[in-house]
Amino acid sequence: MSRFCKCVASLVTIALLSGCQLGARVVGFGTAVHVGSSRLGSISLLPAEFYALHPELEKLFGQPVVFDTVLSGRTMGKQLAAGHLHYAFLTAAEYAELPSDAAPELLAAAVNKKGETKRNAIIVANARSNVKALADLKGQRFAFGPAKDMLLDRAAVAVLQKAGVTLADIKKEIPPFSLSGRLNVGGGSPEIAKIVAFDAGVPGGVIDEITYNDLPASGGSLLGGPSRDMFRVLGETEPMPEMVVAASPKADPVKVAMLKNYLISNVKNKPDICKQLGVTGFAEPDAAAFEAVRRLAAP
């Protein structure tokens, strides 16, 4: 055997022994189960959120499991429909991007720390501002979540519009800091809470209910962070579903049932898996809630 061949064989062996995702992709070492998500992996190609879940799934299926990074719900839907992905972890926004002809089976919905598979968001104003009602947000700057986020962006827009506050009424952001003209905060609810509490130029914003409820009741400070008494609650959004696990229509029905049972019955007793995924377990999904997400996302 040449030195080159020996080196290649050694690298493949090391990858397999270390549990590296590369090993599961090597032809000849067994057919892999492919799981899609938009989470980005490390050097080993395995996203940190799945470190604890990965070996459990390999034991469950009795074969290698590969986590494939797919950066859009539309692409994940196509790959599920074609059977290139057997399963996928989908956010509400990614579910809304699925092609209309994609028909994945929803297996299990993530349960949050409130013990629910949905959460809503709260429209808040700085308690020291003159914003007393949703209508008072006209002409003001407003902190939305990441662009196209179903809860902190689109659901918040829907609440404002229902109250008669259109996007044209919200004070525009100056390019090039915002291409959309809106203040979309990439850090999500925790960062939005700080902005509304401490930036007098942004009197309103949207914070998810779990972040809001986790804030101390009082005693907020610039160094320690905001407290609930620093905000005035103006309204709330419709609830949005949490992450869902879906199966390809071409996946093995027996293994589909095995995965569903494992997620719903076992994950709640696996603290490492729960912590990494940011869940407290999984439950039966509410298909109607996800169809509502599609309607909200429709142009």
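**Cavities, pockets and helix faces in a predicted model**

Val35, Leu53, Leu57, Tyr87, Phe89, Val245, Leu259 and Leu263 line the largest cavity of this protein. I begin there, and I should say at once that the model before you is a predicted one. The elements that give two or more residues to that lining are α3, β3 (87-90) and α9 (253-265). By class, the lining of the largest cavity holds eight nonpolar residues, no polar and no charged ones. The volume of this cavity is about 40 Å³.

Allow me to place this in the whole. The protein has 299 residues, of which 46% count as buried. Its secondary structure comes to eleven helices and 13 strands. The accessible surface is about 14900 Å², and 57% of that surface belongs to carbon and sulfur atoms. Among contacts between residues at least 6 apart in sequence, 73% join residues at least 24 apart.

I return to helix α3, which spans residues 53-61. Which of its residues are buried? They are Leu53, His54, Glu56, Leu57 and Phe61. Seen down the axis of α3, these buried residues fall within an arc of 160°, so they line one face of the helix. The general background is that an α-helix has 3.6 residues a turn, so residues three or four places apart point the same way. Two of the buried residues, Leu53 and Leu57, also appear in the lining of the largest cavity. Just after α3 comes Gly62, with a positive phi of about 70°.

A second residue with positive phi is Lys148, at about 75°, although it is not a glycine. As a general matter, most residues other than glycine have a negative phi. Where does Lys148 lie? Lys148 is in the loop between β7 (142-144) and α6. With a relative accessible area of 55%, Lys148 is exposed, because the cut-off for that class is over 50%.

Let us now turn to the pockets. The largest pocket holds about 950 Å³ of space. It is lined by 40 residues, and those closest to its centre are Thr91, Ala92, Ala93, Asp149 and Met150. Which elements each supply at least two residues of this lining? They are α5 (92-96), β4 (105-111), α6 (150-162), β11 (240-241), α10 (271-277) and α11 (287-297). The lining of the largest pocket divides into 18 nonpolar, eleven polar and eleven charged residues.

The second largest pocket has a volume of about 250 Å³. Of its 14 lining residues, Ala158, Val159, Thr237, Glu238 and Pro239 are the closest to its centre. Here α6, β11 and α11 are the elements that give two or more residues, and α6 gives the most, with four. By class, this lining has nine nonpolar residues, one polar and four charged.

Helix α11 deserves a closer look, as it contributes to the linings of the largest pocket and the second largest pocket. Its buried residues are Ala289, Phe290, Val293, Arg294 and Ala297. Viewed down the axis of α11, they fall within an arc of 155°, so they line one face of the helix. These buried residues pack against α5, β4, β5 (118-119), α6, β11 and β12 (244-247). On the face turned away from the buried side, α11 carries the exposed residues Ala288 and Arg295.

Two of the buried residues of α11 lead us to the second largest cavity. Ala289 and Phe290 line it, together with Ala109, Thr117, Lys118, Pro241, Pro285 and Asp286. This cavity has a volume of about 30 Å³. Five of its lining residues are nonpolar, one is polar and two are charged. In total, the protein has two cavities of 30 Å³ or more.

My final stop is Ser189, in helix α7 (residues 188-198). Is Ser189 buried or exposed? Its relative accessibility is 2%, so Ser189 counts as buried. Beyond its neighbours within four places in sequence, Ser189 is in contact with Leu152, Val206, Ile207, Asp208 and Thr211. Ser189 and Ile122 are 67 residues apart in sequence, and their C-alpha atoms are 10.0 Å apart in space.

Notes
Residues numbered from 1 in each chain as written. Predicted model: local features only at pLDDT ≥ 70, side-chain atom pairs only at ≥ 80, totals over all residues. Heavy atoms only, no water. Buried < 20%, exposed > 50% of the residue type's maximum accessible area, 1.4 Å probe, protein only. Arc of directions from axis to C-beta. Contact = heavy atoms within 4.5 Å. 1 Å grid on protein atoms, 1.4 Å probe; cavity = no way out; pocket = protein on both sides within 12 Å on 5 of 7 lines; lining within 4 Å. Points joined across faces, edges and corners; volume = space filled by probe spheres on them. Nonpolar A, V, L, I, M, F, W, Y, C, P; charged D, E, K, R; others polar. Areas by Shrake-Rupley, 256 points an atom, 1.4 Å probe, with all protein chains shown as cover.
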